[in-house]
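Reader: I've got this one open on my screen and I'd like a close look at one particular spot. Could you start there and then walk me outwards through the rest?

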Amino acid sequence: MGKVTGFKEFERQDEAYTPVKDRVKHYKEFTVPLSEPEITKQGSRCMDCGIPFCHSGCPLGNLIPDFNHMVHQGEWQKASWLLHSTNNFPEFTGRLCPAPCEKSCVLGIIEDPVSIENIEKNIVERAFKEGWIKPQPPKTRTGKTIAVVGSGPAGLAAAQQLNRAGHTVTVFERDDEIGGLLRYGIPNFKMEKEVIDRRLAILEAEGITFKTNVNVGVNSDVKELKAFDSVVLCGGATERRSLPTPGIDADGVVQAMDFLTQQTKVLFGKDVKDQVLATDKNVIVIGGGDTGSDCVGTSNRHGAKSVVNFEIMPKPPGHRSPTTPWPYWPLQLKTSSSHQEGVERNWLINTKEFIKDKNGKLTALKTVNVEWKMVPGERPQLIEIEGTEKIWPCDLALLALGFTGPESTLADKLGIEKDARSNYKAEYGKYQTNIPNIFAAGDMRRGQSLIVWAISEGREAARQVDLYLMGKSNLPSKDMSGDLVAM
């Protein structure tokens, strides 16, 4: 694969960023693409490694060495075909996926791994530019109707696969635009929404019907789902985690997703009453994950006076921890482009109180330093360090603490069983709930996870729905063990 000596000749090159002083003035993507010759070199770095562990690292089972080789050969259209054979939306994953494939790249044992994610992004962008991505409506229809609830990556993937099988698919979205968290949860500077819209145009041309402002079980009776032969629930894990901390009700303590959603809606001229702004405020972001990073980037674009980030866990090492050796996902410090734009990062710190004035407005946070006590066979214990309490000036505290699971409304009204973590219970490989014609996929089934897992689950669930309705399926699968009928 690639050039036999390519990994010896060429170093890894990643996209550059425009200067911080320029990019914080707008909400557009700010990467500087590599030239075509340079991308070709990057594809050439893919080793003939014998066993490509990148396959096992990718939840979609992408044919990574194959499309890398096509890029090396200059066969971009073939690369696009290979990429789309396993991934419905590489323009999403090429921007947003944390790339577990790269962390399991064999080349990564001895030097920088192949830049798989960036190659993927360049392939799909070239394909759109050249007009190779065209609608593929089915030649015949089965007469079966399917409702997909939720239009995030899992729902969109399931819808496209089922439509290609010839079923008539309707996607229901409770928000005013299609895309789920891709639309309003991901800031524009990470993915401009035109990227979603051009793919939606393809899906609509293929025959999929989209209905917005339909919150099934709230403003739409769940009984309406009975009109469909099958239902796929892809509503995500949207129950936000909070803190059992005094003063949490202060005016100025805001859930991160509300903050991010408002900003994106304002960008597109939506009516947002009393938008939460970080302008001229001391902002503290609680939570050190990707959502916390997005809040940092957005706060800096608002013109915050200061931005501080709290994380209750220890600071990860600068290089792969020996506790997570190759090819596992590494415990390692991640510094995002938003972090580079300006933030004070703090680890092993716990918020003890949100301090407010007599009018209920947030004025400060009281914290304490902590440590984790590890006892073999027991859950880690959080220990406060005496004498480390501190008061931090704060006008806006953003809670970026992740999600506890899916909302229970649909499960309760449909009679769907949930597992011990409150996820909608559906066996992996089958995706079928206790109600035979209702399936679940994505974060709603597995809990908060990666976009690449959501797409994978949508694809796999679609095959199981097809098998349920037709007794056989020609839809592809990375795992054929879920077949109801031997093929």
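Where is D274 found?

Author: Before anything else, keep in mind that this is a predicted model. D274 is found in the loop between α13, residues 256-267, and β9, residues 282-286. What catches the eye there is its backbone: phi of D274 is near 55°, a positive value in a residue other than glycine. For background, most residues other than glycine have a negative phi. The side of the story you'd see on a surface view is that D274 is exposed, with a relative accessible area of 64%.

There's another residue with that kind of backbone, A99. Its phi is positive at about 60°, although A99 is not a glycine. A99 sits in the loop between α7 (90-96) and α8 (100-103). With a relative accessibility of 2%, A99 counts as buried, whereas D274 is exposed.

While we're on backbone oddities, have a look at W326 and P327. The peptide bond joining them is cis, with omega of about 10°. P327 lies in the loop between β10 (306-311) and α15 (337-340).

Now zoom out to the domains. The domain assignment gives domain 1 as 5-130, domain 2 as 145-238 plus 404-470, and domain 3 as 242-399. The numbering puts D274 in domain 3. Between the C-alpha centres of domain 1 and domain 3 there are 31 Å. Their contact takes 16 residues from domain 1 and 14 residues from domain 3. Together, domain 1 and domain 3 bury about 1300 Å², and 66% of that is on carbon and sulfur atoms. If you want names on the domain 1 side, V24, Y27 and K103 supply 47% of the area that domain 1 buries against domain 3, more than any other three residues.

Next, the interior. The largest nonpolar core has 62 residues, and those touching the most other members are F67, F92, I123, V148, M191, F210 and V232. Helix α18 gives the most to this core, with eight residues. Domain 1 and domain 2 both give residues to the core, so it lies between them. Take V148 as a way in: leaving out residues up to four places away in sequence, V148 touches G155, A159, V169, T170, V171, F172, V232 and C234. Apart from this core lies another one, of 19 residues, among them A147, V216, A440 and M444.

Helix α3 (residues 36-44) is worth a stop as well. Its buried residues are E38, I39, Q42, G43 and S44. What covers them includes α1 (6-9), α5 (64-73), α6 (76-84) and α9 (116-130).

If you're wondering about cysteines, the structure holds zero disulfides. C54 is in none, and the nearest cysteine sulfur, that of C46, is 6.3 Å away. C105 doesn't pair up either, because the closest cysteine sulfur, in C54, is 6.5 Å from its own, too far for a bond. Both residues are tucked inside: C54 is buried, with a relative accessible area of 8%, and C105 is buried, also with a relative accessible area of 8%.

Finally, follow the chain out of domain 1 to K144, which is in the loop between α9 and β3 (145-149). K144 is partly exposed, with a relative accessible area of 27%. Not counting residues up to four places away in sequence, K144 touches H167, T168, D229, L469 and M470. Its C-alpha atom is separated by 9.7 Å from that of D466, although K144 and D466 are 322 residues apart along the chain.

D466 brings us to the last stop, S473, in the segment after α18 (451-470). The side chains of S473 and D466 are joined by a polar contact of 2.7 Å. A polar atom of the S473 side chain also lies 3.1 Å from the backbone nitrogen of L475. S473 is buried, with a relative accessible area of 4%. That's quite a way from our starting point in character: S473 is buried, while D274 is exposed.

How values were computed: Residues are numbered from 1 along each chain as its sequence is written. This is a predicted model: local features need pLDDT of at least 70, side-chain atom pairs count only at pLDDT 80 or more; totals for chains, interfaces and linings use all residues. Side-chain values use heavy atoms; hydrogens and water are left out. Helices (H or I, at least four residues) and strands (E, at least two) are DSSP runs, numbered from the N terminus. Buried means under 20% relative accessible area, exposed over 50%, partly exposed in between (1.4 Å probe, protein chains only). A polar contact is a pair of N or O atoms within 3.5 Å; within protein, one must be able to donate a hydrogen and the other to accept it, and residues adjacent in sequence count only if both atoms are side-chain atoms. A nonpolar core is a set of buried Ala, Val, Leu, Ile, Met, Phe, Trp, Tyr and Cys residues joined through side-chain atoms within 4.5 Å. Domain bounds come from an automatic or database domain assignment. Contact means heavy atoms within 4.5 Å. A disulfide is a pair of cysteine sulfur atoms within 2.5 Å. Buried area is the accessible area (1.4 Å probe) that two parts lose on being put together, summed over both.
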